[in-house]
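Hi there,

Here's the structure I promised to pass on. Have a look at it first, and then read my notes underneath.

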Amino acid sequence: MRTSDIETAVGVLRAGGLVALPTETVYGLGANAEDAAAVARIFQVKGRPPSHPLIVHIGGAEQLDDWVEEVPATARLLARHFWPGPLTLVLRRGHRVPLEATGGLETVAVRVPDHPVALALLSAFGGGVTAPSANRFGAVSPTTADDVRAELGDAVDFVLDGGPCEVGVESTIVDVTGDTPAVLRPGGVTREDLEAVLGHPLAVPATSSVRVPGQHPSHYAPRAHVVLVEPGKVVAEAERAQELGHRVGVLLPPAGAGVPVKAHTVLEVPGSMSAYARGLYGFLRELDQRGCDLIVASLPEERGLGLAIANRLRRAAGPRPS
Ligand code: TXA
Ligand code: MG
């Protein structure tokens, strides 16, 4: 990444254009958060319903007060511990944030990304950058600059290449507008880490609570259909589907590593949850690229980053819009 790339990206943002930017979680499709027309273009490019709110990315926790109405003590505590990092806080919307960015909500999601290129961009730009993941609506999030180009092509004005994303799954979203913090989406900051800082247990939804009426449960989805079975049944289910004529892609859990499987493509899943999270979307993309029409996988144990991985796999396996 060159300094001139940051200057180019800032110029594009100031002119109302769209910049794809690396973060530690996934690549984002960014616009000047205060430019309602640029924000509207994000929705158009993604094919995302306008009621589906975006995250405003800022350069540091000290800027939080500029973007929200009030900052409860819990929000300050979480920001102090986890920013920069994969945690998004939902707070009451400040007047700088256009309703276009919040899908009409009076709350706004804010985070400080932990990526040197994103932070350099935010610092040089000076304002907030509103950015959803840089994929078409419902599809797998991009974790490399090449993924972004494959997803969005010329629809994005400039792609900042910051290498592959370290975390690989999106940020954890915590709503801090109520009496007790509510996790809306599990992600890169684990429940255990949040609970350690808050000092009390948190409930985490098995599938994300998305505030959009009528939204389909399928999300983070490859083209191939995803079938989830018990870890011990992955091989048998894959072979059964392959015999039925499917081109089966397998995400083989560590317990089955080394076992020969009669399927089209077999990818062995890393045993470490951070390695699995980092690779997850790349695996799903690869199985699509190899022409698989069915993916057989199992859920990891739902603790630590396993919770976010399981959430994304469940949603990838959810019913599709017809
Ligand atoms: O890691 C991430 O969070 C990545 C990177 C690019 O920062 N971004 C991301 O954005 O995942 P997106 O748009 O794909 O997902 C944002 C989620 C949506 O599910 C949306 O419903 C939720 O944040 N959200 C945004 N504003 C909200 C609000 N005011 N209240 C509740 N949920 C909100
Ligand atoms: Mg997304």
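Which strands each supply at least two residues of the shell around ligand 1? They are strand 4 (87-92) and strand 5 (107-111). Strand 5 gives the most, with three residues. Before you go further, keep in mind that this is a predicted model.

The ligand is a good place to start. Around ligand 1 you'll find 26 residues, and the closest are Thr 25, Gly 28, Pro 53, Ala 109 and Pro 132. Sorted by class, that shell has 15 nonpolar, nine polar and two charged residues.

Next, try helix 2, which covers residues 36-46. Its buried residues are Ala 38, Val 39, Ile 42, Val 45 and Lys 46. Look down the axis of helix 2 and these buried residues fall within an arc of 120°, so they line one face of the helix. What do they pack against? The partners are strand 2 (28-32), strand 6 (129-130) and helix 5 (145-152). On the other side of helix 2, Ala 37 and Gln 44 are exposed. Just after the helix comes Gly 47, with a positive phi of about 70°.

Now zoom out to the whole chain. It is divided into domain 1 (3-198) and domain 2 (225-316). Taken over C-alpha atoms, the centres of the two domains are 29 Å apart. Domain 1 puts 14 residues into the contact and domain 2 puts in 16. The side of domain 1 that touches domain 2 has four nonpolar, six polar and four charged residues.

Cheers!

Terms used: Residues are numbered from 1 along each chain as its sequence is written. Chains are lettered from A and ligands numbered from 1 in the order in which they are written. This is a predicted model: local features need pLDDT of at least 70, side-chain atom pairs count only at pLDDT 80 or more; totals for chains, interfaces and linings use all residues. A residue is near a molecule or strand if its C-beta atom, placed from the backbone, lies within 6 Å of it. Helices (H or I, at least four residues) and strands (E, at least two) are DSSP runs, numbered from the N terminus. Ala, Val, Leu, Ile, Met, Phe, Trp, Tyr, Cys and Pro count as nonpolar, Asp, Glu, Lys and Arg as charged, and the others, Gly among them, as polar. A residue is buried if 20 or more other C-beta atoms lie within 10 Å of its own, exposed if 12 or fewer, and partly exposed in between; C-beta atoms are placed from the backbone. The arc is that of the directions from the helix axis to the C-beta atoms. Two residues are in contact if their C-beta atoms, placed from the backbone, lie within 7 Å. Domain bounds come from an automatic or database domain assignment.
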